[in-house]
Amino acid sequence: MIPDWLHAIAIISLLMGLVSAIVIIVAEMRDPQHMWIMNVVWPLFALFASVAALWLYFRYGVLASHGSMMPAMKNNKTPPNKRFTPFGIMVAKGTAHCGSGCALGDIIAEWLVFFVPAIAVWLGYPSFFSEKMYATWILDFILAFGFGVVFQYFTIKPMRDLSFGQGIYQAIKADTLSLIAWQVGMYGFMAIAHFLIFKDLLGAELKVPTVEFWFMMQIAMWCGFATSYPVNVWLIKSGVKEKM
């Protein structure tokens, strides 16, 4: 049985993520990010990062808003997001950028498989995989990778003034290792949550249409952030990925 306290914590955590995303959306409507894709990245990041995303956005994210960037650009000065953002925070923003694509892909994939169970069958359940979760992970990865490349494309292309083909190529280079590292951390924790925490300890099944599932997914996203962060340090230092 799932304890009441865990159910309550899950509800509170999910509501905090939702409220954080809404607060950021409202702020972006007043002063949008200079790079439009970040108007999508920040609320998606907030869905799982909650108040941490709020702090990061209002402390450093606003430095890349249209209102903050335009005066510096008109006067040919270094943009404030480059001048006042420590390297570690730039890495965190780059990691969150990757994670937002993963989050969107995972949300869509989980609900798609829930509403259309045949998708899991097409992806190998139960003929190849004994757990539907594994088949779902394949779709998770495909969608997360697709969204990640798209998000990265709309970041790299304008910053480097690339053609469409060059932009796609550089986006794949910048996002592949970061996304794989993210999914390793996320899948790892979800496996622990599914088999150890819920099945073994609680004697319950972790199901998609429950607040507990999405609370575990929030934690899993943080695990993905932790495993992807060092990869993003290397990608940014080596120039494969842009500083943000």
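Guide: A helix here is a DSSP run of type H or I with at least four residues, and helices are numbered from the N terminus. By that naming, Val-121 lies in helix H7. The model is a predicted one.

Visitor: Why does Val-121 count as partly exposed?

Guide: The relative accessibility of Val-121 is 48%. Buried means under 20% and exposed means over 50%, with partly exposed in between. A value of 48% falls in between, so Val-121 counts as partly exposed.

Visitor: Which residues make the nonpolar surface patch?

Guide: The patch is made by Ile-108, Leu-112, Phe-114, Phe-115, Val-116, Val-121 and Trp-122, and its area is about 700 Å². Two elements, H6 and helix H7 (118-122), give two or more residues each to this patch. H6 gives the most, with four residues.

Visitor: What makes Val-121 fit for such a patch?

Guide: A patch residue needs over 30% relative accessible area. Val-121 has 48%, and Val is among the side chains that count as nonpolar.

Visitor: What makes Glu-131 and Lys-199 a salt bridge?

Guide: The closest N and O atoms of Glu-131 and Lys-199 are 3.3 Å apart. The rule asks for a side-chain nitrogen of Lys or Arg within 4 Å of a carboxyl oxygen of Asp or Glu, so the pair qualifies. The pair links distant parts of the chain: Glu-131 is in the loop between H7 and H8, while Lys-199 is in helix H9, 68 residues apart. By the rule the count comes to one salt bridge.

Visitor: How do you know whether Glu-131 is buried or exposed?

Guide: Glu-131 has 18% relative accessibility. Buried means under 20%, so Glu-131 counts as buried. Its partner Lys-199 has a relative accessible area of 40% and is therefore partly exposed.

Visitor: How do you know that the span of helix H2 agrees with its length?

Guide: H2 covers residues 38-49, which is twelve residues. The expected span is 1.5 Å times one less than the number of residues, which comes to 16 Å for H2. The end C-alpha atoms of H2 are 15 Å apart, so the two values agree.

Visitor: What makes H2 mostly covered?

Guide: Nine of the twelve residues of H2 are buried. Among them are Trp-42, Pro-43, Leu-44 and Phe-45. The cover includes H1, helix H3 (51-59), helix H6 (87-115), helix H8 (132-160), helix H9 (164-202) and helix H10 (211-237).

Visitor: What is noted about phi of Ser-50?

Guide: Phi of Ser-50 is near 55°, a positive value in a residue other than glycine. Ser-50 follows H2 and sits in the loop between H2 and H3. At 8% relative accessibility, against a limit of under 20%, Ser-50 counts as buried.

Visitor: Which peptide bond is cis?

Guide: The bond joining Tyr-125 and Pro-126 is cis, with omega about 0°. Pro-126 is in the loop between H7 and H8.

Visitor: Why does Thr-136 count as buried?

Guide: Thr-136 is in helix H8. Its relative accessibility is 4%, and buried means under 20%, so Thr-136 counts as buried. Leaving out residues up to four places away in sequence, Thr-136 touches Ala-109, Glu-110 and Val-113.

Visitor: Why does Phe-141 count as partly exposed?

Guide: Phe-141 also lies in helix H8. Its value is 29%, between 20% and 50%, so Phe-141 counts as partly exposed. Leaving out residues up to four places away in sequence, Phe-141 touches Leu-179, Ile-180, Gln-183 and Tyr-187.

Visitor: Why does Ser-13 count as buried?

Guide: Ser-13 lies in helix H1 (residues 4-30). Its relative accessibility is 18%, under the 20% limit, so Ser-13 counts as buried. Apart from residues up to four places away in sequence, Ser-13 touches Phe-215 and Gln-218.

Visitor: Which residues does the UniProt annotation "transmembrane region" cover?

Guide: The unreviewed UniProt entry gives residues 6-27, 39-58, 111-128, 134-156, 177-198 and 213-236. In the model, residues 134-156 are 100% helix, with end C-alpha atoms 32 Å apart. Residues 213-236 are 100% helix too, and there the end C-alpha atoms are 33 Å apart.

Visitor: Where does UniProt place the feature "domain: DUF4396"?

Guide: The unreviewed entry places that feature at residues 90-241. The span is 83% helix and 0% strand, and its end C-alpha atoms lie 11 Å apart.

Notes. Residues are numbered from 1 along each chain as its sequence is written. This is a predicted model: local features need pLDDT of at least 70, side-chain atom pairs count only at pLDDT 80 or more; totals for chains, interfaces and linings use all residues. Side-chain values use heavy atoms; hydrogens and water are left out. Buried means under 20% relative accessible area, exposed over 50%, partly exposed in between (1.4 Å probe, protein chains only). Contact means heavy atoms within 4.5 Å. UniProt positions are given in the numbering used here, feature names are shortened, and annotations may be inferred rather than shown by experiment. Patches are made of residues with over 30% relative accessible area and no salt bridge: like charges are joined within 9 Å, nonpolar side chains (Val, Leu, Ile, Met, Phe, Trp, Tyr) within 5 Å. Accessible areas come from the Shrake-Rupley method with a 1.4 Å probe; for residues, only the protein chains shown count as cover.
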